[in-house]
Structures are given as structure tokens and as C-alpha cells.
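Trainee: I should like to take a close look at the interior of this model. Would you please describe what lies there, part by part?

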Amino acid sequence: MVQKYQSPVRVYKYPFELVMAAYEKRFPTCPEIPVFLGSEILHESRSDDGAIHIIERSCKLNVDAPRLLKKIAGVEYVFFIQKNTVNWKERTLRIEAHNETFANRVVILETCNYSVHPENEEWTCFEQSASLDIKSFFGFESTVEKIAMKQYTSNIKRGKEVIEHYLKELISQGITFIPRWTPPPVCGQKDEQTPAAGDADDDDAALDSVSLGTTKEQTGSSCPPAEALSSDADKLDADYIERYLGQLTPMQESCLIRLRQWLQETHKGKIPKDEHILRFLRARDFNIDKAREMLCQSLSWRKQYQVDYILQSWRPPALLDEYYTGGWHYQDKDGRPLYILRLGQMDTKGLVKALGEESLLRHVLSINEEGQKRCEENTNIFGRPITSWTCLVDLEGLNMRHLWRPGVKALLRIIEVVEDNYPETLGRLLIVRAPRVFPVLWTLVSPFINENTRQKFLIYSGNNYQGPGGLVDYVDKDVIPDFLGGDCMCTVPEGGLVPKSLYQTEDESENSDHIRLWTETIYHSASVLKGAPHEIVVEILEGESVITWDFDILKGDVVFSLFHSKRAPEASHKEATLPSTSAAGDNMQLIDKMWVLGVDYSHMESPLVCREGESIQGSHVTRWPGFYILQWKMHGPPPCAATSLPRVDDVLASLQVSSHKCKLIYYYEVLASKDFRGSMSSLESCNSGFSQLSGATTSSSQSQSSSHLSR
């Protein structure tokens, strides 16, 4: 595999001519660069007017390699051929170098360029690129590659320090200005260029003899000709990287620049910001191929769902403003924006049922987009790179009710989207007041979180977050929220139960102007008509599986039943297997009218009357393979004896069923029995008062394993 390197633009705040004089002091040997043992001029030429000066040299290097490897290779030193072309008229120096030793086994190419700064002609820019291709090396290819890359990267930044050392030496000698090249007189006399006071004759020779000393940047990717390079405005300079992106190693800088150049050359859409590109590189440990793939998928996703405009187009529903218990709150001690989430006080079930997964996902995406914007603002405010934010999660109030399976599935889906498209945006996650149930939730969620992200989690149980070693180590005391014992008033909503009257059906959730991010909804809606129940079929291939369900009655009263049949509903009866017409809406009937209960199909659970506004959760451990049918049918008052009057409750119930139509939203899933008990699928949490369920439970003895329905 070819290893490549591309440097950022390094700027010397000195004129080109003075930099060249400092550069020449590195020859024929340079004590500042121990690996450079010396050089010998092989060829030298000049143009007639003296504007072009070319020198070709052989440079001797002492590579820091194990003695055994040198003995096997049969060499003590390595030699490089360097061709240096200085153009005094254009004020440029181009350096091309390649290895002479082991040229048939290893190919090392390097290109360096010195040029005038495009915005200040009194400054000088330097760029370099290189490539290393080890074809074969006595079975030590990997070892040689590691040695070469280590020595190369360790000397890259040293190169600028050496030039600056000789610049200071020149200035100390009184050499602060060297005149630019001018064409020779027409008469052909020698051009008289008078150096500044204090210049010696050997310094004039330094200007006329430009060459590259040691090859200290000799492994990376071949640099294209100067005319093929991207425009100066598109290049990154080292000072910009350090100021806005942070301290990067030379190879990390190279990965950033190469990926950025690739995007400029191939990507037709909007080019991401440098800090955004850097996040994807960090997420893939600076493996440029993996980072490129991840970034391209994310850019396609952003374009498809118009995520770039979400801060302008997304307006959170009033319900979110009131019940979503999260918000931005100043910054932490490192200057990172601080986001507070009171997860234990959030009615996740109510939010999912009232808003749908789509709205919650868009809201989370808008939070991430806002977080990136705040990082940029804080970078400018604090004068140092801030590329991530801190999240403070308060779990006070978290219990088994939060392990409601559809809610956890929605959470995992959101985590997946954020991990894929906002990598390395979380700098630190502080979890406080973690209850005993937290390890269960953590076991479910942690496998979906990147390892780099998990390492940023700090978890405090009880009141351990107070005092030294707690929040005060990461958040200033005057910023700690009042509900955590601080003095700062926090405007994050306190949450609470979402009224069931605000729950919406599947049809209502789809009425949106946005392109849907969530292609599959967790909940489905259904209509139950008089004489037309709604039915769904679940095929079980092996016994000991678990069918779980969760539904809410939005309108009217229904009776829920679970049946088993050895044969599937007859496909020939299309009217029974397809959704009905618009009159029935989203109603589906599956049980053939000719089927006989007890013969063609049988009850698995006792019928359960479900009143309007109730939430029902349940599970059934199957005994036999076959087809299990979940049925909801309209509930009517039982037939009365001729001598008795209708009960008041029955009259009221019949009045509630307006238009002879009931509505519900439902979710179901099939699990292997080994994955059911002790997992988030366990529905014991459904007895929680949080979901306004009564403790009533009915059980069926018809199933070999236990099953239950909970309100």
C-alpha cells in the first residue's frame, strides 16, 4: 500500500529572498539535522539571464533503523537525489527528490515548493508532499514502512524550525534585507545586485546557489505540478489549523488536506466545513478511505433530507417546547456548549405517541446542528478550537417505565442516525443521579454507541456528583443548575405526562411538509367499525416465541382477542386480506367468515374489554407454531333480558361510540423466548402509574407459558 503525505501551507513572515538565504545555510551539512550527513553537487546550470538556477545533488542520510535491519540490508547509509529549481523572477523554488538506495525495492518521491504568499509579497509559503511505496524489502516491508513514516513525521515540523533558526542567525548578523532579482543590463554586463549592509560574498553565493539539503519530508504523496494545484484560496495553512482545528500531527494534517482536496475535485454539492471533515476523520482513526466513505454517505443523507436547512425550516411543535426536557445552558469549563437533558422527567412514551418518531428525530437533529453552530461561536469567543459540546443528563426519576420497548427502539434509531452523521461532536457526557435501573438501560443502549464515544461518559449515582471529583471539576459552580444544588436558574422544561388527548394517529403523523427521515413508523393506526374488526396475523415458525403488543384506544371501546390457527387466512378472499375501502379507512379483516371458532381457529387469550383512553400492553408465550391473529372489534353492550332495563353504564358506553367507529394505535413484535425475560421486552414495567395504567391483569391458562395483559 502506498503511504501518502500532504502538508498544509506553512508561512514564513519573511521575504522569499531572505528565506532562500537561510535555506542555503543548510548545505553542505546541517548540524541542526543530525540525520543529514552531507551532500555533493552532481550537476548545476543557470539560464542566460540568471533567473533560473538548477542544482542536482546527492544527499547522504543516516536512517535511524535497528542494527540488524541495516546488516540484513547491507547498508549503513541511504542516498537521495534532489533536483532544486529556483526561479528568481517568479520567486519560487521547486524541490524534487527520490531515493537512489534500494530504488528497485522502495520508491520514495517528494516534492516541495517555496513561493510568495498570495496576499502578502513580503511573506513566503512552503508546501510539501511525498509518497512511499515499499515493493519488497527482505520480508521486512511492514517494519521498514513504520520506521520510514516515524522518522519522516518526526522531522516534518523540525524543517520549519531549522529555517527559522537560520533566519534569526542572518538577522543577528545584520542581514535583514536582500534585493530581488532584476534582469541584466541590455549591454550584457553583469547585473550588479548589492546586498544589504553586512552581507558577505558567500551570502551572495547563497542566493545564487539554491538547493535542498536533507530530505526530512521524504514520505507522503507525490505533489502534482504547481499549475495543477488547487487555488491558494482553497488551501489550508498551518496557523489556521492550529487556531481553529487544534493541534494535529503531521499525518493527521495530511489526511485532512487530502480528503478536503478530494471533495473539492469530486463533490458537486456544498463542501463541508473543515471541522466537520475532521470529525469524520477522527471517527475513523484518520483512515482516509473509511472516513471518505462515511462522509460521503452522510453528505448524501444531508442532501436527500435537506438537513442543511433544518435550523431555518424546523419549528418545534408547542408540545415539544413544553414536554421535551432538554435545552442549552451556557458552557463547561473548557468552553464547550453545555446541553442539559432531564431524561428521568421526560414522558418518552407520550412524546412518541403524540408527535411520532419523525418529529423527535428532527428535533434531535436540530439540536445537533445548533450544537455545531455554538461550537463555532465559542471558538471565536474563547480564541481556541472548540469542536464538540458537553451533555449533562439528569436521570432523577428514571425507572422501569423508561424501558418501554418502542421507546427504546426509537432511542436506538436516533442514536444510530446521530452516530453516522454527527461523529465526534460529543466532547463529554455527564450522567448524574443514575438509579439502580440504569445498568439495564445502559446494557441495551451501549452496544449501539461508538467506542470512542463511550469513553467520554462519566456516570455518578446518588449524590456522588456533588463535591470534588463531581460536576465542579467540569462545570463552573455558578453554572450548575438549581435542581442539581447549584445557584443558576435553569430554563429547561420540567416535563411531565403528555395528555392522551394529544396522541395522534398514523395518518395525522404523516401530514407533514418535510421529506420523511423515519421511513418506518413504530406505531400503526387502525379503525374498528361495527361488524368489521381490525386484525393482523403473526406467523410463528417455532414454539416458545413471545408475541408482545402495546396499543392505545383513542376513540370508542373495543374488545381485544388473540387467536391461533394452523392455517393462514385464505388468500382467495381478497376483501378479507386487503385494507378495506375509504369507508373503512385503515381497517383490515383476515378471519374468514366461514371459519368456525374452536375448529378452524381458537382463543389463546380471554377477550379483554378496552375502554377509550386506556393503554394496553401484553405478551403471550406461544405453545405451537402456526398463525396467531390479533383482533380488535367494537365493544357493544351485552344483550339484556326482556324483563330488565339497560344499565346506565351500557347506555353511556353506546353514546360514546359516535359514528360507529373506533380508533386505536398499536405496536407488536415477536421475540425469541430467551431474549424476552430480563430484557427491555419485559412488560412488568407497564404496571407503572406513569403510563396511567391500572394494576388490573388478566391471565390465560390456555397457554403453557404465562401471558398477561396489563392496563
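Mentor: The account below begins with the nonpolar cores and then turns to single residues, ring pairs, helices and a strand.

This is a predicted model, in which local features need pLDDT of at least 70 and side-chain atom pairs count only at pLDDT 80 or more, while totals for chains, interfaces and linings use all residues. Residues are numbered from 1 along each chain as its sequence is written, and side-chain values use heavy atoms, with hydrogens and water left out.

A nonpolar core is a set of buried Ala, Val, Leu, Ile, Met, Phe, Trp, Tyr and Cys residues joined through side-chain atoms within 4.5 Å. Buried means under 20% relative accessible area, exposed over 50%, and partly exposed in between (1.4 Å probe, protein chains only). The largest such core has 56 residues, and Tyr324, Leu351 and Ile431 have the most contacts inside it. Among the elements that each supply at least two residues of this core are helix H10 (318-323), helix H11 (348-382), strand E11 (389-394) and strand E12 (426-434). Helices (H or I, at least four residues) and strands (E, at least two) are DSSP runs, numbered from the N terminus. H11 gives the largest share of the core, ten residues. A second, separate core of 51 residues includes Val144, Ile163, Leu167 and Trp181. In soluble globular proteins, nonpolar side chains tend to be buried together.

Contact means heavy atoms within 4.5 Å. Leaving aside neighbours within four places in sequence, Leu351 is in contact with residues including Leu320, Tyr324, Leu360 and Val498.

Thr390 lies in strand E11. With 1% relative accessibility, Thr390 counts as buried. Its side chain makes a polar contact with the side chain of Asp332, at 2.6 Å. A polar contact is a pair of N or O atoms within 3.5 Å; within protein, one must be able to donate a hydrogen and the other to accept it, and residues adjacent in sequence count only if both atoms are side-chain atoms.

Aromatic rings also meet in this structure, where a search of the whole finds 22 aromatic pairs. Rings of Phe, Tyr and Trp (its six-membered ring) pair if their centres lie within 6.5 Å; planes under 30 degrees apart count as stacked, over 60 as edge-to-face and the rest as tilted. The ring centres of Tyr23 and Phe27 are 5.7 Å apart and their planes are at 75°, so this pair is edge-to-face. Tyr23 and Phe27 are both buried, and ring pairs link them with Tyr12, Phe36, Tyr114 and Phe126 into a cluster. Tyr23 is also one of the buried residues of H1; in this helix (residues 16-24), nine of nine residues are buried.

Trp442 and Phe457 form a tilted pair, 5.1 Å centre to centre with 50° between the planes. This pair links distant parts of the chain, since Trp442 is in helix H13 and Phe457 in strand E13 (residues 457-461), 15 residues apart. Trp442 counts as partly exposed at 24% relative accessibility, whereas Phe457, at 15%, counts as buried.

Finally, five of the seven residues of strand E15 (residues 534-540) are buried, so E15 is largely enclosed by the rest of the structure. E15 pairs with strand E20 (residues 626-634) in the antiparallel sense over seven bridges, where two strands pair if DSSP finds at least two bridges between them. Val538 stands opposite Tyr628 in E20.
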